[in-house]
Amino acid sequence: MLDIQKIRADFPILSEKVNGKPLVYFDNGATSQKPQVVIDAIAKYYQEINANIHRGVHTLSQLATDAYEISRVKIQHHINAKFSHEVLFTSGTTHGINLVTNGFASILKPGDEVIVSSLEHHSNIVPWQMLCEKTGATLKVIPMNEEGELIIEAYDALLSEKTKVVTVNHISNALGIINPIKYMIEKAHAVGAAVLIDGAQAVPHLKPDVQDLDCDFYAFSGHKMCGPTGTGILYGKEEWLNKLPPYQGGGEMIKEVTFEKTTYADLPHKFEAGTPNIAGGIVLGTAVDYLNHIGFHNIHQHETHLLQHATKRLLEIEGLKIYGTGKNKASVISFNIDGIHPYDIGSIIDKLGIAVRTGHHCAQPIMNFFCIPGTIRASFSFYNTKEEIDIMVEAIKKAKAMLS
Ligand SMILES: *Cc1c(COP(=O)(O)O)cnc(C)c1O
């Protein structure tokens, strides 16, 4: 069992007041809060070893380079990648996905097909649409059912030898549904397609094993897993990263430059042009250590209790409907109250110190499916408590009474 009060003490922001009330932070799906060790590690980097990496012979440059590369190896082990050069530092999930879609622009041809799911974040829709526009490939969409689950028989039927890439999120940010990605990856590989997994919502809740999943790419952001903003990782299988052209040209990613021809650096540097977010990359490793210290088994157990408690308590409210009622779910609840706009509830409970997300959650196709403008989304982290959920439920009841 986790000592939640002890864990909460690691997060200075959790003892802040917002609008005069103790903060109840349920917007973890948008970004997580940061523990003191992560905040301290950022300052420590700038105070003690700040220098540019992979360049200087001087001591600080070597210390910074070592710390950056140690973090890469830490993340390699965390996701169980076979090689550290399969772990690319990015600025976030969006960057990682665009790196891949940009690479596929030189591979796809008219008549090829790309399969996305109807549960995707705009970040995992728009780059693929742009890719299809550029190459003449066709975008196919896996439909969903009323429970917010992908219709897997429909996915099976979409797959053919025309399918070149399949992309799906591990966990839906809008509904919290966990997708059967292992099965989907296996099926895609059977027709020779590559698979990108958008792991942005998964990494705060679980430890992905990219070799066991056998995915070709796995993209995630640091800021949703207790790390700094502007950090992220793209895992790519070595053979794919060798096949794809570089995303950006610049310093650091070259072997030799002349005006006639430039040769590219080896992995991972081929995809890491320019000076990266050095502090961020190092501190992402600190965040991963912190989460592993808490333990993903413990995180899962506590978050499951929170999800069950919130589901039960919210359903006490008359006229409240939960979206995403499938069985396999992470600690995210999307809901609406009959006849009330989600924004109005969100604004009132904000005055009571409660942070939830309202709107389409960058997943407009899901909202269109349910014929709603948006939802209220409460997304829980391991540092949240049942008491906070009770505070939210009472606040929603109050808001509902005011608005109806
Ligand atoms: C947050 C999120 C993204 C985008 O992540 P950025 O950090 O904004 O690049 C993509 N997909 C999902 C499922 C997300 O939750």
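Q: Before the ligand site, what makes a residue near a molecule?
A: A residue is near a molecule if one of its heavy atoms lies within 4 Å of it. This is a predicted model, in which local features need pLDDT of at least 70, side-chain atom pairs count only at pLDDT 80 or more, and totals for chains, interfaces and linings use all residues. Residues are numbered from 1 along each chain as its sequence is written, and side-chain values use heavy atoms, with hydrogens and water left out.

Q: Which residues surround the ligand?
A: The ligand is surrounded by Thr-93, Thr-94, His-121, Ser-123, Asn-173, Asp-198, Ala-200, Gln-201, Ser-221, His-223 and Lys-224.

Q: How far is an oxygen atom of the ligand from the side chain of Thr-94?
A: The distance to an N or O atom in the Thr-94 side chain is 2.5 Å. For Ser-221, a polar side-chain atom is 2.7 Å from a ligand oxygen.

Q: Changing topic, which aromatic pair does Phe-104 form?
A: Phe-104 pairs with Trp-240 at 5.1 Å centre to centre, with 40 degrees between the planes, and the pair is tilted. Rings of Phe, Tyr and Trp (its six-membered ring) pair if their centres lie within 6.5 Å; planes under 30 degrees apart count as stacked, over 60 as edge-to-face and the rest as tilted.

Q: Is Phe-104 buried or exposed?
A: Phe-104 counts as buried because its relative accessibility is 1%. Buried means under 20% relative accessible area, exposed over 50%, partly exposed in between (1.4 Å probe, protein chains only). Trp-240, at 12%, also counts as buried.

Q: Which residues do ring pairs link into a cluster?
A: The cluster consists of Phe-11, Tyr-290, Phe-382 and Tyr-383.

Note on methods:
Polar contact = N/O pair within 3.5 Å; in protein donor to acceptor, adjacent residues only side chain to side chain.
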